[in-house]
Structures are given as structure tokens and as C-alpha cells.
Amino acid sequence: VAIAMAEGVRALMGADFGLATTGVAGPGPQDGHPAGTVYIAIAAPTMSTHRLLALSGTRAQIRARTVDRALELLAEALRSGDGAKAD
């Protein structure tokens, strides 16, 4: 689901990269998943990937850590060249 969301936002915005997050920020479990169960995804011109996170803390902390991890995923893609377009 997170990859489909990232690919959808990339296409909708006409962007080189799309990021998406989904999961349970808390304070309690949802649909059988504990708080802190979060998926992040990135879609780029040459690849799409996701990560499963098991975070802890308050709802605000989980949300902040999710954003941090999503931006780290983007930075990894930029450093590795995985998302580079061929000219």
C-alpha cells in the first residue's frame, strides 16, 4: 500500500520522487497492529521500495520519527543514484 501511495503521489505531482507513510501512530493499536507499526515508501524513476518500522513513543514522537525516516530514505536514494533519471 505504501509503495502504491508513493507511486501515485509521484505521478499526480509529476515529481521525480514520491514519498508515502502509512501505519499506526497511536496512542493505541489499530486493526490488530500495535502503535508504532509504520510503513514508509519511496517511488523514483528507476525504483520503488518500502521499509517497515517498529517505532516507540508518544503519537507525536512516532509521527516525527516517521517523517525523519522517510526523509532518510529519500536521502539514501539521492546518494546512491537509485532515483537518477538517465539523460
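In the predicted model, the backbone oxygen of Pro34 lies 2.9 Å from a polar atom of the Thr37 side chain. Thr37 itself belongs to strand E2, which comprises residues 37–43, and with a relative accessibility of 17% this residue counts as buried, because the value falls under the 20% limit that defines the buried class. When neighbours within four places in sequence are set aside, the contacts of Thr37 are with Thr22, Gly23 and Val24, and also with Leu52 and Leu53.

The loop between strands E1 and E2 contains Ala35, a residue that at 29% relative accessibility is classed as partly exposed. The C-alpha atom of Ala35 is separated by 5.0 Å from that of Val24, although these positions lie eleven residues apart in the sense of their spacing along the chain. Again leaving aside neighbours within four places in sequence, Ala35 is in contact with Val24, Ala25, Gly26, Pro27, Gly28 and Pro29, to which Leu55 and Ile62 are added.

Two features of backbone geometry were found in this loop. The peptide bond that leads from Gly26 to Pro27 is cis, its omega being near 15°, and Pro27 is placed in the loop that joins strand E1 (18–23) to strand E2 (37–43). Asp31, which is likewise located in the loop between E1 and E2, has a phi near 50°, a positive value in a residue other than glycine. Both features may be set against the general expectation that most residues other than glycine have a negative phi and that most peptide bonds are trans. The relative accessibility of Asp31 is 70%, so that Asp31 counts as exposed.

Turning to helix H1, which covers residues 2–13, its twelve residues should span 16 Å at 1.5 Å a residue, and the C-alpha atoms at its ends are 16 Å apart, in agreement with that expectation. Immediately after H1, Gly14 adopts a positive phi of about 65°. Leu12, a residue of this helix, is exposed, with a relative accessible area of 71%. Together with Val9 and Met13, Leu12 makes a nonpolar surface patch of about 330 Å².

How values were computed:
Residues numbered from 1 in each chain as written. Predicted model: local features only at pLDDT ≥ 70, side-chain atom pairs only at ≥ 80, totals over all residues. Heavy atoms only, no water. Helix = DSSP H or I, 4+ residues; strand = E, 2+ residues; numbered from the N terminus. Buried < 20%, exposed > 50% of the residue type's maximum accessible area, 1.4 Å probe, protein only. Patch = residues over 30% accessible without salt bridge, like charges linked within 9 Å, V, L, I, M, F, W, Y side chains within 5 Å. Areas by Shrake-Rupley, 256 points an atom, 1.4 Å probe, with all protein chains shown as cover. Salt bridge = Lys/Arg side-chain N within 4 Å of Asp/Glu carboxyl O. Polar contact = N/O pair within 3.5 Å; in protein donor to acceptor, adjacent residues only side chain to side chain. Contact = heavy atoms within 4.5 Å. Expected span 1.5 Å × (residues − 1).
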